[in-house]
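Here are my notes on the model you sent, arranged as numbered points. I begin with side-chain pairing and then turn to the backbone.

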Amino acid sequence: MVDFLAENNLCGQAVLRIVSRGNAIIAELLRLSDFIPTVFRLKDKSDQQKYGDIICDFSYFKGPEYYEGKLEAKPELQDLDEEFRENNIEILSRFYLAFESVHKYIVDLNRYLDDLHEGVYIQQTLETVLLNEDGKQLLCEALYLYGVMLLVIDQKIEGEVRERMLVSYYRYSAARSSGDSNLDDICKLLRSTGFSSQPGAKRPANYPESYFQRVPISTTFISMVIGRLRSDDIYNQVSAYPLPEHRSTALANQAAMLYVCLFFYPSILQTQQAKMREIVDKYFPDNWVISIYMGITVNLIEAWEPYKAAKTALNYTLDAANIKEQASRYAASMESLRPQVQQLLKEGFLREEIILDNIPKLLNSLRDCNVAIRWLMLHSAESAYDPNNKRLRQIKDQVLNDSKYNPKTLFQLLLDTAQFEFTLKEMFKQMLSEKQIKWENYKKEGSERMMELAEVFSGVKPLTRVEKNENLQAWFREISKQIESLNYEDSTAAGRKTVQLIQALIEVQEFHQLESNLQVCQFLADTRKFLHHMIRTINIKEEVLITMQIVGDLSYAWQIIDSFTSIMQESIRVNPSMVTKLRATFLKLASALDLPLLRINQANSADLLSVSQFYSGELVAYVRKVLQIIPESMFTSLAKIIKLQIHDIMEVPTRLDKDKLKDYSQLAARYEVDPKQLLEDGIRKELVKRVAYALHKGLIFNPKAKPSELMPKLKDMAATMDGFYRSFEYIQDYVSIYGLKIWQEEVSRIINYNVEQECNSFLRTKIQDWQSVHQSTHIPIPKFPSVDESATFIGRLCREILRITDPKVTCYIDQLNTWYDLKSHQEVTNKRLFSEIQNTLGTFGLNGLDRLLCFMIVRELQNFLTMLQKSILKDKALVEVFKTVLAAVNPVQGIVANASKAYTSAVAKSQKIWGPYLEAIMKVGQMQILRQQIANELNFSCKFDSKHLAAALENLNKSLLADIEAHYQDPSLPYPKEENTLLYEITAYLEAAGIHNPLSKIYITTKRLPYFPIINLLFIIAQLPKLQYNKNQGMTCKKATDPVDWPPLVLGLLTLLKQFHSRYTQHFLALLGQFIRSVMEQCTSQKIPEMPSDVVGALMFLEDYVKYTKLSRKVVEAHVPSFIFDEFRTIL
């Protein structure tokens, strides 16, 4: 018969592919369960209020029109819905594909069973497949994996969350329109069961059997699978555990499969007492906590509570006397096993000959240790007992008392067993690899010894007092030939023959009175020794390694091992060499990966890589978690150094125990984990944790504090960061890492990540953590709950700066780069603020602040345009005013008759709009001033710290601009193509080096707006009466109660005009020029000698416009005659 798993056996390959896919689906479900968007849980009040109308459960399907109608009625809900779709469709699609694959799995399994029934596979029926060893295993696994999938989904992704995700996917995806979509079937299979994994939650009725029956499966198939699992040892595990008391451990995997499969046939659990009694007697006579898949534990007391037959059968196991007997047995074995294993681990005890002579004894010790560890770990696990269930609490307490449970002792035994197992395996592997060479060597040595003896008795070789004896000579020659003829391949015959040869050599010594000659005796003894070695060596078989692999399985502890993390970390802290033993424990835990990967590997599935990456990633993450104690201890020392370095002037030499790090370098080779890299990652993780926390705590401001806490807090923060930096620099040589590189990379990552998170509030499509280039799973940047409207410290810093430099309460003097309080005239802050931020957060911090300000300017400009379009241009009375002004000022080159009246009445009629207009313009102007100051600080520090970089960037920038200008004059010259990222990349460098002008930046795209230049003209005329000219300070505010700050006003208006086509600016300047000329004309005709203050203000605006835009004077002199400018200068 063809091998069931052969590639040409279609029947075997089909079911193997199904089982392989089942393991891959479970891995994907476990992976995705960590990425459920929290918003789908609707836990917070804020989430419920914000998203309650757009996230629905299956009640949506009862009346989709009602829900969609509710959305259509409110434009802001539609907008939110669209934003939500953009942010979540990717992750929803991934979840949907996983849910779909579960449904497809069971459909494919049912199709396979139908094909078997209908005879599609020639000579194969369900019965014949179940008679085949591989077939029997695969069919049992196929049903069991489907059950595990359903349980994992319900445990990891709550029913309500599933429903909301499926409804959201249905609403947002195009899948519903395609005819072949099986979304309805998936919804039926995965609708909420009412189950909750929260402790104390009530179990729904008929759960999980009703859930397992949502897709019907052939009852014949289920009953035959259960029959096989009940009666057979389908994986032949009992041979690895010969002792009867180890039988339940030998069959533990099969017991887990049977537990899951019984839910497909609940009548056995409910009514068939004889079968349940048989199952409990065989699989659960001494255990009631089982691991069903990759460490997911289940307590049968709780799981079988609703089923009468199962509960009755289990009561025998749960009899107090039985529990006491089992717990006491394992308590006794713990006491005897610990010294036994420690003795075996003593340096030099495990030698080759001891191993070869005692293989059965050593394997028995391994079995006893592993069985005891398994029972105690599972039956004492916190997660296996619901604290709200009184009976479970009592049983747990009894187990802990009777087994004298001590987690440290158990953990110590686990460590020792893992180390013993590891050492034994490694030695055995080496002996196995050298087996044939050694055997041939012993054979050669023995044969040569016999030839030499034959020659001694030939009388030719001179050996003292040995007479010639032809019979013995011939006999020894024959023995030599016999030894030579032993065949390594036929080990059984060779073994028998070797025993006979040893016997013959003993007899020849006795019968021929050869004892008298010591040398001959020595030769015979040596040969016997070599023959003994040959017997031992031929007995080194791979079966021993396989048994060790089966016995050493630790997959049941994949999750509960986490409860020992604190013990592991404490033991490393006390004794760093403990890491070597931990290494063996982690490798033992790694054997759990064989379980899900075996079938995927057999099927040559493409899923092998992703599944192995997921589980090994989980394991490595756990290893990192445990070993994080090393960098933590290091940073505890570092904290002391920081304290000394900040508060004491003398440098304190510090030293870190090298042993802590040396031991560390012996970590899991199996996953290509570079120990040095792991240490560096650990140090980075601890650094990130501490620096992020320091920044979060250090930059919280009280807005009511007078004066502002900004500078003192920045100074304290700078001292803290400097302390970190210097101490880090200090220890880098002891740990052999690039301290400065790590410092810069991690601090920049923290700041960039926080800037990204802060900017998310301005974006429609948010950047999730798993999409962020700055976030990392191994070295995560912690997220802290927000303390005010800002999400992060960078937002709080930015808003505090904006608060203290608010143009409503301060006056900015451009020549001094300083802000003064409007009322008290005291200095509020100056450009030193930006040097202090540079000291605290470095270039990344200033750059991040600049980026955040950009987002704020964009938001402000967008709000401003919305106000302009929806409030101002929709107001008919205002539009009439603008029309009147437009008629009065035409042509622009002319002069407006009765200017004062014409302009004043237009301003008065439109008075109501200038308040919000002024506020928006000044906010933008204020942020532009801050951006200019940041650019100056960045540029200064770049030229100071990296003059070559600054020079190179400036030259590259100039040459690029020259090339682009040349291209526009002559299109045949080269220009960067669209796919070329040069311009995009160079911009990032230039902004980081402060080589850019924030005023010339386009922040938003705009459409044509009617009356735009007229509105701005009236706006500036409306503001001029509030200002006065001061020779020392320039334009200042007349009354502190009606504040207008000149620089923000000019820069804000300039930025606004920059967003539109340049003809608007030209028109605006022409209108302003016309205003100056018209008012001056009126003054001349009325013989008023002084230049009116409004004209002075308008001319100041034009002067500043030329100054900030760096344009030629001709631009404004085209609209205002130069003699007016000359007269204006005499006033200055």
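How far apart are the closest N and O atoms in the salt bridge that Arg 749 forms with Glu 746?

1. In this model, which is predicted, the closest N and O atoms of Arg 749 and Glu 746 are 2.9 Å apart, and the two side chains form a salt bridge. Both residues belong to helix α34, which covers residues 739-760, and they are three residues apart, or about one turn of the helix. Arg 749 has a relative accessible area of 13% and is therefore buried, the cut-off being under 20%. Glu 746, at 3% relative accessibility, likewise counts as buried.

2. The pair should be read together with its surroundings, since Arg 749 and Glu 746 take part in a network of salt bridges that also links Glu 680, Arg 684, Lys 741 and Glu 745. For the structure as a whole, the search finds 47 salt bridges, and the next two points take up two further examples.

3. Arg 599 and Glu 141 meet through their side chains in a salt bridge, with an N to O distance of 2.7 Å. This pair links distant parts of the chain, for Arg 599 sits in helix α28 (residues 594-602) while Glu 141 sits in helix α6 (residues 133-156), and the two are 458 residues apart. Both partners, Arg 599 and Glu 141, are buried.

4. A salt bridge also joins Arg 329 to Asp 286, where the closest N and O atoms are 3.8 Å apart; a reader may wish to set that value beside the cut-off, which is within 4 Å. Because Arg 329 lies in helix α17 (residues 320-344) and Asp 286 in the loop between α14 (273-283) and β1 (289-293), the pair ties together parts that are 43 residues apart in sequence. Arg 329 is partly exposed, at 29% relative accessibility, whereas Asp 286 is buried, with a relative accessible area of 7%.

5. Helix α42, formed by residues 1012-1023, has twelve residues and reaches 17 Å from its first C-alpha to its last, which is close to the 16 Å expected at 1.5 Å a residue. Twelve of its twelve residues are buried, so α42 is largely enclosed by the rest of the structure. The buried residues include Phe 1012, Pro 1013, Leu 1017, Phe 1019 and Ala 1022, and among them are also Asn 1016 and Gln 1023.

6. Turning to the backbone, most peptide bonds are trans, and most residues other than glycine have a negative phi. Two cis bonds deserve a check against that background. The bond from Tyr 207 to Pro 208 is cis, with omega near 5 degrees, and Pro 208 is found in the loop between α8 (183-190) and α9 (209-212). Asn 890 and Pro 891 are likewise joined by a cis peptide bond, with omega about -10 degrees, and Pro 891 is placed in the loop between α37 (876-889) and α38 (899-909).

7. Positive phi values call for similar attention. Asn 206, although not a glycine, has a positive phi of about 50 degrees, and this residue is found in the loop between α8 and α9, where Pro 208 is found as well. Gln 123, also a residue other than glycine, has a positive phi near 65 degrees and is found in the loop between α4 (75-118) and α5 (126-131). With a relative accessible area of 75%, Gln 123 is exposed.

Key
Residues are numbered from 1 along each chain as its sequence is written. This is a predicted model: local features need pLDDT of at least 70, side-chain atom pairs count only at pLDDT 80 or more; totals for chains, interfaces and linings use all residues. Side-chain values use heavy atoms; hydrogens and water are left out. Helices (H or I, at least four residues) and strands (E, at least two) are DSSP runs, numbered from the N terminus. Buried means under 20% relative accessible area, exposed over 50%, partly exposed in between (1.4 Å probe, protein chains only). The expected span of a helix is 1.5 Å times one less than its number of residues.
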